[in-house]
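Where does the interior of this model pack, and where does it leave space? The paragraphs below take the core, then the enclosed space, then the open pockets.

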Amino acid sequence: MRFRLGYVAMTLNLEDCSPSGTLTYKAFSGMPEGDSRINRLRRITGKNLLNTLRILKYNKALNIHVYRLTSRLVPLATHPDLCEWDYITDFKSELQQIGQFIIENNFRVSAHPDHFTLINSPLEKVVDDAVKDLDYHVKLFEAMGLGDYKYKLVLHVGGVYGNKKEAADRFCENCGRLPDRIRKRLIIENDDKSFNTYDVLEICNRIKLPMVLDVHHHNCLLEPGELKHVLPDIFKTWDGEELNPKIHFSSPKSEKDYRSHADYIDYDSFVDFLSIAKETGRDFDVMLEAKAKDTALLKLSEELAAAEGIIRLNNGEFYMQ
């Protein structure tokens, strides 16, 4: 069994390299009207894109090929007052350069729209805004030349809104209405409060989309040992996809603050999960959602390299006997 490790958005080991520089709408609207306002957004976006390429080059040097792009590459991109800003044209060259680097180096990249992206809301405006946000992410992928549907967007089912069954039905119905350029990129994640592992697996089988298992979210609602029974079916939702199944893994910050993510990955818990995953006979990728980002990945990589029965092929890839 082979597995790879990846991390989310930000590296802690490159100086001044945030890809998520932003500008609030309040600050933007408080600036004098004219080119200076939009040029401020252009400067921030340009630096975000430059830093994204820097991070990708850093990842290549470390053989880390699983990476989540930040959703904040373009500040205020979906705000209604900026609908005429053609950021795709403004940054055509930079976006193409990032995409070319991703393709040439066979990176597995994804994005995770924010928690307000709710396509199962009973409010039409909320759903419309969610579709606009999904469209923004897809536009960036397309501008990068990442037209292949293997470049995915992670999405939660959303809220319960007083009736879990109706909320799930609404998600499935609205998902079916999405254009293929969006819908075929979606992978659906279980959450830590409302839609547990079994709920999301049922939904994924219903709408024929892959499920991305979040192990920490599973443990918030269900017993860790249950994964050995359900993991094969979760991985099966990836049948027919070009890439291997992907999971999310993080450790709780503390017993008191269990839902929050810790800075690093608990090694013993991770190895326990590997023993369960090994029984599926499937290769897979792991997105580490640790606060210490790439530092946490490299620490776990060193720990795994010393483990019996695990062969480290490079910093980000392993073989388990």
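A nonpolar core is a set of buried Ala, Val, Leu, Ile, Met, Phe, Trp, Tyr and Cys residues whose side-chain atoms join them within 4.5 Å; buried here means under 20% relative accessible area. The model is a predicted one. Its largest nonpolar core has 92 residues, and the members that touch the most others are F3, L5, I188, F270, F273 and F284. Helix α2, residues 35–61, contributes the largest share of this core, with 8 residues.

I188 can serve as an example of the packing. Once its neighbours within four places in sequence are set aside, I188 is in contact with L155, V157 and F171 as well as with V200, C204, I207, L209, P210, M211 and V212.

Next comes the enclosed space. Rolling a probe the size of a water molecule over the atoms shows where empty space is left. A search of the whole structure returns 1 cavity of 30 Å³ or more, and the volume of the largest cavity is about 70 Å³. Its lining consists of L69, T70, S71, L73, A111, Y136, H137, L140, F141 and M144. By class, 7 of the lining residues are nonpolar and 3 are polar, with no charged residue.

Which helix gives the most to that lining? It is α5, residues 124–143, with 4 residues. The 20 residues of α5 should span 28 Å at 1.5 Å a residue, because the expected span counts one less than the number of residues; the end C-alpha atoms are 28 Å apart, in agreement with this. Buried positions in α5 include V127, A130, D133, L134 and D135, and also Y136, H137, V138, L140, F141 and A143. Just after α5, G145 takes a positive phi of about 85°.

The open pockets remain. The largest pocket has a volume of about 1100 Å³. Of the 32 residues that line it, R68, H112, D114, H115 and H156 lie nearest its centre. Two strands, β2 (66–69) and β4 (152–156), each supply at least two residues of this lining. The lining of the largest pocket divides into 8 nonpolar, 13 polar and 11 charged residues.

The second largest pocket holds about 530 Å³ of space. It is lined by 20 residues, and those nearest its centre are L76, T78, H79, F116 and D133. D133 is also among the buried residues of α5. In this second lining, 8 residues are nonpolar, 6 polar and 6 charged.

Notes: Residues are numbered from 1 along each chain as its sequence is written. This is a predicted model: local features need pLDDT of at least 70, side-chain atom pairs count only at pLDDT 80 or more; totals for chains, interfaces and linings use all residues. Side-chain values use heavy atoms; hydrogens and water are left out. Buried means under 20% relative accessible area, exposed over 50%, partly exposed in between (1.4 Å probe, protein chains only). Contact means heavy atoms within 4.5 Å. On a 1 Å grid over the protein atoms alone, a cavity is a set of points where a 1.4 Å probe fits but cannot get out, and a pocket is an open set with protein on both sides within 12 Å along at least five of seven lines; lining residues have an atom within 4 Å of a point. Grid points are joined across faces, edges and corners, and a volume is the space filled by probe spheres set on the points. Ala, Val, Leu, Ile, Met, Phe, Trp, Tyr, Cys and Pro count as nonpolar, Asp, Glu, Lys and Arg as charged, and the others, Gly among them, as polar.
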